[in-house]
Amino acid sequence: MALSKNTPALGAAATAFNETNDTILIRQGGFTKPIDRDILSRLPIIASSKTANYTLADGDQGTVVEVNSASNLTVTIPADATFDFDDGTVIVITRLGTGTVTVTGAGGVTIRSRNSLTDVADQYGEVSLRKLDADEWLLGGNLG
């Protein structure tokens, strides 16, 4: 498991740079601190609610973006030139409303998904985004 320097639950100043057996080493403020791997499963999930079209931004990494609308909405992945998420970043998108939620990439962003599907298939369905490389994302889950 690799953690990003932008992992919100650990704070922007924390960086996981190594992992051994049951311990993850965190560098923060010039000090290295071991933490138990199990602590990560106890961290709160940060969710944000969106009721209009939304472009992912700094602070969304490691969170759940809940889209709640009767209208069809789009969640856009920004190009690295706009905001460069770390490789490995994961973002979950949940469709709470009855309107279709489509995940799209800004110019230059490639989304890889099963059969090129990009809609969250059902109300209360979830999909996850994982950044593979520069301007390249994997989309999986309840796609339709």
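Here are three short exercises on salt bridges and backbone angles, each with a worked solution.

This is a predicted model, in which local features need pLDDT of at least 70 and side-chain atom pairs count only at pLDDT 80 or more, while totals for chains, interfaces and linings use all residues. Residues are numbered from 1 along each chain as its sequence is written, and side-chain values use heavy atoms, with hydrogens and water left out.

**Exercise 1. Find out which residues are linked with Lys131 in a network of salt bridges.**

Step 1. Start with the definition: a salt bridge is a side-chain nitrogen of Lys or Arg within 4 Å of a carboxyl oxygen of Asp or Glu. Side chains of opposite charge can pair when their charged atoms come close.

Step 2. Look around lysine 131. Its side chain forms a salt bridge with aspartate 80 at 2.8 Å, N to O. Lysine 131 sits in strand β12 (residues 126-133) and aspartate 80 in the loop between β7 (73-77) and β8 (90-95), so this contact ties together parts 51 residues apart in sequence. Strands here are DSSP runs (E, at least two residues), numbered from the N terminus.

Step 3. Lysine 131 also forms a salt bridge with aspartate 84, at 2.7 Å, N to O. Aspartate 84 is in the loop between β7 and β8, 47 residues from lysine 131.

Step 4. Put the pieces together: Asp80, Asp84 and Lys131 form the network.

Step 5. Now check accessibility, where buried means under 20% relative accessible area, exposed over 50%, and partly exposed in between (1.4 Å probe, protein chains only). Lysine 131 is buried at 2%, and aspartate 80 is buried at 16%. Aspartate 84, at 46%, is partly exposed.

**Exercise 2. Find the salt-bridge partner of glutamate 136 and place both residues in their strands.**

Step 1. The partner is arginine 112, with an N to O distance of 2.6 Å.

Step 2. Glutamate 136 belongs to strand β13 (residues 136-141) and arginine 112 to strand β10 (residues 110-113), which puts the two 24 residues apart.

Step 3. Arginine 112 is partly exposed, at 43% relative accessibility.

Step 4. As a check on your count, the structure holds 3 salt bridges.

**Exercise 3. Is the phi of serine 116 positive or negative, and what about tyrosine 124?**

Step 1. Recall the background: most residues other than glycine have a negative phi.

Step 2. Serine 116 has a positive phi of about 60°. This serine is in the loop between β10 and β11 (119-120) and is exposed, at 61%.

Step 3. Tyrosine 124 has a positive phi of about 75°. This tyrosine lies in the loop between β11 and β12 and is exposed, at 59%.

Methods: Helix = DSSP H or I, 4+ residues; strand = E, 2+ residues; numbered from the N terminus.
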